[in-house]
Each structure stands twice: as structure tokens, then as C-alpha cells.
Amino acid sequence: MKEDRQLAKYLAHLGYGSRKEMEIAIRRGRVTGFGDDLRFDGEKLDPAPGMVILLNKPAGFTCSRADQGRLIYELLPPRFLKRDPALSTVGRLDAETTGLLLLTDDGKLLHRLISPKSNTPKTYDATLARPLEGHEADIFASGTLMLRGEDKPLLPAQLDVTGERTARLTITEGRYHQIRRMFAAAGNHVEALHRATFGPLTLGDLPEGEWRLLTSDEVATLP
Ligand code: URA
């Protein structure tokens, strides 16, 4: 039947299996329910395309679909890697950086959020190897700080000192290893880095290594 073929195609796009496998699964009655309450083996179907995931990234996981070592996709259901349209990270965090990471399969949203024009504020908590000297906030706020190997100065960034060797830094760009390179430019070294916010979003009480879907209201607050 035509509807079954369409459903099989839809399930295949969600990563449940090949179209052929899904046609067989439907014939065997593994797909039940209607409309918003479709179920596969009794479990509610994964979200339709257009989803945004908020992940509390642990250290030691790489933001890549295929790389050596542990990948952030291991923290999600395995079929999420087979979705079409593909689920991508919104920018990247270094393997050793922890905290708030978004993933989406919405290409337009992805490009809007990672565009240099988006100017989305992102807040990072940094633990440093050496005590702060007091001049760092001015350097970062200047709008003239040039990172090694680059020809355009960084936009002004706000530094709030939270301890002798800890600080919260808010940036609106997303250059390669930006925070680590900023502190290196100020003569220090980042020992640990955690992203606490992305635009209006925070991690709330989401435990490390866990993820949740953003609600449509939360997605609407994104820049
Ligand atoms: N800046 C860094 O240096 N690393 C990150 O993971 C994010 C921002």
C-alpha cells in the first residue's frame, strides 16, 4: 500500500533501518498508533525532522561523526547518526571542553546560529593554570586583540573574574580554540573549560552526559 511505503520511507529517514526493513516491520505490526502517537515496538517515535537537542557534553568526547576516540554521538541513540537530514553539532566544543552543546537537523537554523553574523553570546567558565593578573578584562574588551595567525581582531568580549584562577568569559564569535587562544594571548593557559550558556539557553539541571530536546518555545528564543 502507498501509505505503508510512505511510512517506511519516513521511518528510514529517522534512522530506524532501511526502507525494505521498515516495510517488513510495518507488515509485522511493529509500528502501531496514528498521527502524533505513532510507535515503533511500542516506543514513541523519535522526533520529526526539525529537532534541536541540548547536550551536556562530558570531557573526552569529540564533536565529529567519524573520528578516532569517543564521539558525542555515542551519548545519543545510535539511530540518530543515520537520520536524514543529518543531525549536526551547532559549532564545536574541543574534546576536553565540557558543557552546553546544541545539535540540530535543521540546516537553516544551523547556518543561522554558526554564521559569523549571528553574534550569539556564549559564556564559558575557565580554570587557568596561573592566577589572573588583572589586565585580562581590558585586553579582551578592547576589540583589538589579534590571535596568532589571524588578520582580524576579535570582537570585544566580557571577562568576569570569579576566583584567583577562574573566570567567566562571554564571546560572540566562535573562532577555532578561541577561549584557549585568548588566554594564551594574555600569557595564561586554560586547564579546564566549560560552556555554561548559548544565547538564552543554560544547562539547568541536566546532568553531564545527558541530553534533552528543546521545546518549540525554547527554539523560538534562539537568535
Ligand atoms: N573555545 C575553546 O578554546 N574551546 C572550545 O571548546 C570552545 C571555545
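The following exchange concerns a predicted model of a protein.

Visitor: Into which domains is the protein divided?
Guide: Two of the domains are continuous in numbering as listed, domain 1 covering 2-44 and domain 3 covering 122-198. The remaining domain is given as two segments, 52-116 + 203-220. The division is therefore into domain 1 (2-44), domain 2 (52-116 + 203-220) and domain 3 (122-198).

Visitor: How far apart do the C-alpha centres of domain 1 and domain 3 lie?
Guide: Domain 1 comprises residues 2-44, and domain 3 comprises residues 122-198. Between their C-alpha centres the separation is 48 Å.

Visitor: Is α1 parallel or oblique to α2?
Guide: Helix α1 spans residues 2-13 and helix α2 spans residues 19-27, and their axes are 8 Å apart. The angle at which they pack is about 125°. Angles of 65 to 115 degrees count as roughly perpendicular and those over 145 as roughly antiparallel, so this angle belongs to neither class. The relation of α1 to α2 is therefore oblique.

Visitor: Which class of residue is absent from the contact of α1 with α2?
Guide: On the α1 side, the contact is made by Asp-4, Arg-5, Leu-7, Ala-8, Lys-9, Leu-11 and Ala-12. From α2 come Arg-19, Met-22, Glu-23 and Ile-26. Six of these residues are nonpolar and five are charged. The class with no residue in the contact is polar.

Visitor: Which residue meets the side chain of Arg-30 in a salt bridge?
Guide: The whole structure holds 13 salt bridges. One of them involves Arg-30, in the loop between α2 and β1 (31-32), and a partner eleven residues apart from Arg-30, in the loop between β2 (39-40) and β3 (43-44). The N to O distance is 2.8 Å, and the partner is Asp-41.

Visitor: What value is phi of Asp-41 near?
Guide: Asp-41 is placed in the loop between β2 and β3. Its phi is positive, in a residue other than glycine. The value is near 50°.

Visitor: Which residues does a cis peptide bond join?
Guide: The proline of this pair is found in the loop between β4 (52-57) and β5 (88-89). Omega of the bond is about 5°. The residues joined are Asp-84 and Pro-85.

Note on methods:
Residues numbered from 1 in each chain as written. Predicted model: local features only at pLDDT ≥ 70, side-chain atom pairs only at ≥ 80, totals over all residues. Heavy atoms only, no water. Axes fitted to C-alpha atoms, helices over the stretch in contact; angles between N-to-C directions. Helix = DSSP H or I, 4+ residues; strand = E, 2+ residues; numbered from the N terminus. Parallel < 35°, antiparallel > 145°, perpendicular 65-115°, else oblique. Contact = heavy atoms within 4.5 Å. Nonpolar A, V, L, I, M, F, W, Y, C, P; charged D, E, K, R; others polar. Salt bridge = Lys/Arg side-chain N within 4 Å of Asp/Glu carboxyl O.
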